[in-house]
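Subject: Structure handover and findings

Hello,

Please find the structure below. My notes on what was found follow it.

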There are 2 protein chains.
Amino acid sequence: MKQIERPRKLPRQQRAQATVEAILDAAARILSGDGYAAMSTNRVAELAGVSVGSLYQYFPNKDALITALHERHGREIHEMLDVALTATAGGSLREIITALVQASLHGHLLDPQLHRVLEAELPFFDPPKSESDDHLGVHARIRSVLEAHREQIGPQDLDLATYMLITTVQALVHAAVIDPPAAPLSTAQIEAATIEMVLGYLGAGVPSTSVRTPTRDRHHARL
Amino acid sequence: MKQIERPRKLPRQQRAQATVEAILDAAARILSGDGYAAMSTNRVAELAGVSVGSLYQYFPNKDALITALHERHGREIHEMLDVALTATAGGSLREIITALVQASLHGHLLDPQLHRVLEAELPFFDPPKSESDDHLGVHARIRSVLEAHREQIGPQDLDLATYMLITTVQALVHAAVIDPPAAPLSTAQIEAATIEMVLGYLGAGVPSTSVRTPTRDRHHARL
DNA sequence: ATTGAACGTGAGTGATAGCTCGTATTATAG
DNA sequence: CTATAATACGAGCTATCACTCACGTTCAAT
């Protein structure tokens, strides 16, 4: 796993940019179709309609291809979450959570096969800014959403609650997309249940709008 | 990915059994230490103190090694869940869920590195009976637990609820073990929060022990 | 003690795949 | 138009690795 020396050379002319795009598209096609093991640089170059040499002008090694694909994919989902958060700003907790879950799910359903390989088979490429850290902007925004609805939610450690929310949604969406469960369970059901799951967690120990109950102590003791 | 022709030959003598164990241990060490890419059959044999030939007498190919490791790992966790379920049989929902989460977490913490590679980097080996299906016994038992506590829980589609419970616990434990979150969040906190998450979901829409409220309709509509 | 099966060995083979480099082509600058 | 840089090419080098096989060793049974 060595993807330092990022882009070996930046494409300056438009045809070079097209070459890079073609390479990335080909890599994505092969990856989502036949998996990582079947993805050789020669094959990528061939499918892209360029030569291996061209490939290595823009990507220092094979792993850099995966990294680039990862970044592109991360950006897409990040943007969908961003849109969802912006669209529901000021709305109710339920509205915001619903939008988040749906955005996440739809983002992952854009290209489930590619997502599957990228996130399930090769999650360890380019550790620095991938996924968890990539959501930093989103993370902060979700935290402030929870802060705004503080009186309605049970967990008072907002960092923990934010982490749980993001992790749970991501994990459940991931699971639903990666290995769809047995027949009778639909994606729509899981989507709805995920929303209830998160809302159930956030609402735990909050009797509608009354006083805070002393059920709090059974929650995560601070270090 | 070809791991048909399961064990090429079964170890009949005790020294052969020891050889197989040594090979599996070596494979686990290399896998958890340096990852799949660094695991060559020659290196495994060397670390195990046997020759490559011996390795290929019991494992038809490299992938069979991974599969065997997967199965071993799956059995371990499965047994811990089994113990937890048996020990808390007849207890309250909270007790059972707590035991399940703890068992799952502790099972994954036995060898986080190995688990990381096995479940995060190579989850696609031996699809037939791994993980999801492997939990079938546990799945049924958890479903019956939910059935026994039916009056206390909100979700009435027990298949869905069981799926959500298992998936959520697994995913959150997984996340906590695989990429431990930022500094201020401890494993213990996540463990507790996971319990609350699941209980929050199960308890959603259930006002302690009174009549069923008509809040039900916002739940996942049946197909 | 003998024999045959189980077990173990490790140099070698074949194939694959990542990557280089000398060369050819195309674009931009002056 | 010329010069120089950018882009593109692709045969081939090199290294690695999964896997084989012909041969030696140890066990268990008769």
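Which residue has an N or O atom in its side chain 3.0 Å from a base nitrogen of DNA strand C? The residue is Q57(B). Please keep in mind that this is a predicted model.

DNA strand C

The protein surrounds DNA strand C with 27 residues, and the closest are T41(A), K62(A), R12(B), T19(B) and S54(B). Of the atoms of this strand that come within 4 Å of the protein, sugar and phosphate account for 65%. Two backbone contacts go to phosphate oxygens of DNA strand C. In one, a backbone N or O atom of R12(B) lies 2.6 Å from the phosphate oxygen. In the other, a polar backbone atom of S51(B) is 2.9 Å from a phosphate oxygen. The side chain of Q57(B), by contrast, reaches a base nitrogen, at 3.0 Å.

Both chains supply helices to this surface: α2 and α3 (52-58) of chain A, and α1 (14-34) and α3 (52-58) of chain B, each give at least two residues. The most comes from α3(B), with five residues. Sorted by class, the surface near DNA strand C holds nine nonpolar, eleven polar and seven charged residues.

DNA strand D

Around DNA strand D there are 28 residues, of which R12(A), T19(A), K2(B), T41(B) and K62(B) come nearest. Sugar or phosphate makes up 67% of the strand's atoms within 4 Å of the protein, and bases make up the rest. A backbone N or O atom of R12(A) is 2.7 Å from a phosphate oxygen of DNA strand D. A polar backbone atom of Q13(A) is 3.0 Å from a phosphate oxygen of the strand. For G53(A), the partner is a base nitrogen of DNA strand D, which lies 3.4 Å from a backbone N or O atom of the residue.

The elements that give two or more residues to the surface near DNA strand D are α1 and α3 of chain A, with α1 and α2 (41-48) of chain B. Here α3(A) gives the most, with five residues. The class split for the surface near DNA strand D is eight nonpolar, 13 polar and seven charged residues.

Helix packing in chain A

Helices α1 (residues 14-34) and α2 (residues 41-48) of chain A have axes that come within 8 Å and cross at roughly 120°. The two helices are therefore oblique to each other, and their crossing is right-handed. On the α1(A) side the contact involves A22(A), I23(A), A26(A), A27(A), R29(A), I30(A) and D34(A), which meet R43(A), V44(A), L47(A) and A48(A) of α2(A). The contact of α1(A) with α2(A) has eight nonpolar, no polar and three charged residues.

Helix packing in chain B

In chain B, the axes of α5 (residues 93-109) and α8 (residues 158-178) come within 10 Å and cross at roughly 40°. This pair is therefore oblique as well, and the crossing of α5(B) and α8(B) is right-handed. From α5(B), the contact is made by I97(B), L100(B), V101(B), S104(B), L105(B), H108(B) and L109(B); from α8(B), by L165(B), V169(B), V173(B) and V177(B). The contact of α5(B) with α8(B) counts nine nonpolar, two polar and no charged residues.

Regards

Key: Residues are numbered from 1 along each chain as its sequence is written. Chains are lettered from A and ligands numbered from 1 in the order in which they are written. This is a predicted model: local features need pLDDT of at least 70, side-chain atom pairs count only at pLDDT 80 or more; totals for chains, interfaces and linings use all residues. Side-chain values use heavy atoms; hydrogens and water are left out. Axes are lines fitted to C-alpha atoms, for helices over the stretch in contact, and angles run from 0 to 180 degrees between N-to-C directions. Helices (H or I, at least four residues) and strands (E, at least two) are DSSP runs, numbered from the N terminus. Angles under 35 degrees count as roughly parallel, over 145 as roughly antiparallel, 65 to 115 as roughly perpendicular and the rest as oblique. A crossing is left-handed if the near helix is turned anticlockwise from the far one by less than a right angle, and right-handed if clockwise. Contact means heavy atoms within 4.5 Å. Ala, Val, Leu, Ile, Met, Phe, Trp, Tyr, Cys and Pro count as nonpolar, Asp, Glu, Lys and Arg as charged, and the others, Gly among them, as polar. A residue is near a molecule or strand if one of its heavy atoms lies within 4 Å of it. A polar contact is a pair of N or O atoms within 3.5 Å; within protein, one must be able to donate a hydrogen and the other to accept it, and residues adjacent in sequence count only if both atoms are side-chain atoms.
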